[in-house]
Amino acid sequence: MTDHRLGNLPDGIYGAELQRRIDEAAAAIRERLSGEPRLASPQLVFVLGSGLGGVVDLLDGTPRVSIPYGDIPHVPTGSVAGHAGELVAGIAHETAVIVLSGRAHPYEGYSHREATLLLRAVLTLGPRTLVLTNAAGGINPGFAAGEVMLIRDTINLSGENPLLGPNLDAFGPRFPAMTDAFDPPLRAAASRAAERAGITLHEGVYLMLSGPAYETRAELRMLRILGADAVGMSTVHEAIVARHADRRLLGFSLITNPATEDVEAGPTHEEVMEMGKVGGERLLAILRELLPDLV
Ligand code: HPA
């Protein structure tokens with residue numbers, strides 16, 4: 001039943017109804033993992049953006065369980081090429097890990113509450129640490145396509161927030177802090193891992209817009225003035241949900257294209273996918289070094 005006081009949430013998916021859907025999704029995941037007891041209590045979750053499917057290779061070959069998003073009730077499947085849409089559970093460094101390969105984006109028409117439903121279902125399994133990844137435009141003129149940026153902080157200009165509506169007390173407080181959302185000690189470990197791997201790792205501020213249109217030149221100029229180093233269409237809603245639940249958070253952006261006022265032409269989705277692969281290889285090398293600090 002729709003509560004007319006919540007006119008901004010006309011989909012009706014909030015409060016007790018949202019919690020019910022999260023619980024059903026979580027039950028379905030638990031059921032699929034029940035055949036492999038070692039996978040039942042993951043400590044680490046990766047959320048993969050474009051070009052990062054290779055992260056699954058960080059997991060041991062067995063035991064491994066893959067669940068297509070379509071098999072999990074209430075979870076949006078996502079529709080963009082380059083996003084596989086499956087949950088992969090496995091073991092890395094003797095620790096149970098979940099990889100969310102592909103994500104539903106708000107630009108597809110999902111509310112932030114729906115777009116983070118799967119992540120919240122996975123949070124009920126108890127992971128301590130989340131690693132969020134994305135493809136992003138490089139606002140900072142010092143960044144080149146194919147390079148990787150460690151997310152130091154975020155700006156939410158997406159126009160929404162996943163915590164709108166009644167608070168889900170099972171996850172966290174009404175007004176969670178977002179200062180130092182990206183764990184400072186883990187960020188320091190990531191920088192050291194990149195150095196050991198011999199890979200340049202920038203650090204900066206990721207700004208989320210709803211998309212799906214890429215930015216105008218005037219917008220790119222504005223975003224730089226606002227203090228952004230990279231711009232994209234995901235991640236911040238996930239970061240908010242993770243910090244609401246008080247989890248340890250780390251984030252990386254693959255810089256797929258320059259996003260400065262003087263670019264010759266705006267990016268194409270193909271360019272973003274292609275450079276995402278280049279950055280994806282580099283990030284994978286960093287993650288291999290970093291993994292012992294994450295588990
Ligand atoms: N803008 C917004 N999102 C993006 C971009 C961009 O330039 N590149 C990859 N994702």
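**Note on the predicted protein chain**

1. The protein chain contains 7 helices and 9 strands. Its radius of gyration is 18 Å, close to the 19 Å that the globule rule gives for 295 residues, so the chain is as compact as a globular protein of that length. Please keep in mind while reading that this is a predicted model.

2. On overall dimensions, the C-alpha trace of the protein chain spans about 50 × 50 × 35 Å along its principal axes. Of the 295 residues in the chain, 55% are buried, where buried means under 20% relative accessible area.

3. On contacts, one can consider the pairs of residues that touch while lying at least 6 apart in sequence: 83% of these contacts in the protein chain join residues that are at least 24 apart.

4. On the surface, the accessible area of the protein chain comes to about 12300 Å², and carbon and sulfur atoms account for 50% of that area. As for charge, the chain carries 25 positive and 36 negative side chains, and the centres of these two sets lie 4 Å apart.

5. Strand β2, which covers residues 65–68, is worth following residue by residue in the structure. In a regular strand the side chains alternate between the two faces of the sheet. In β2, Val 65 and Ile 67 make up the covered face, whereas Ser 66 and Pro 68 make up the uncovered one.

6. Which strand is joined to β2 by 4 bridges? The partner is strand β3, residues 86–92, and the two strands run antiparallel. Within this pairing, Val 65, which belongs to the covered face of β2, stands opposite Ala 89 in β3.

Terms used: Residues numbered from 1 in each chain as written. Predicted model: local features only at pLDDT ≥ 70, side-chain atom pairs only at ≥ 80, totals over all residues. Heavy atoms only, no water. Buried < 20%, exposed > 50% of the residue type's maximum accessible area, 1.4 Å probe, protein only. Pairing = 2+ DSSP bridges. Rg over C-alpha atoms; globule rule 2.2 N^0.38 Å. Contact = heavy atoms within 4.5 Å. Areas by Shrake-Rupley, 256 points an atom, 1.4 Å probe, with all protein chains shown as cover. Lys, Arg positive; Asp, Glu negative; His and termini not counted. Charge placed at Lys NZ, Arg CZ, Asp CG, Glu CD.
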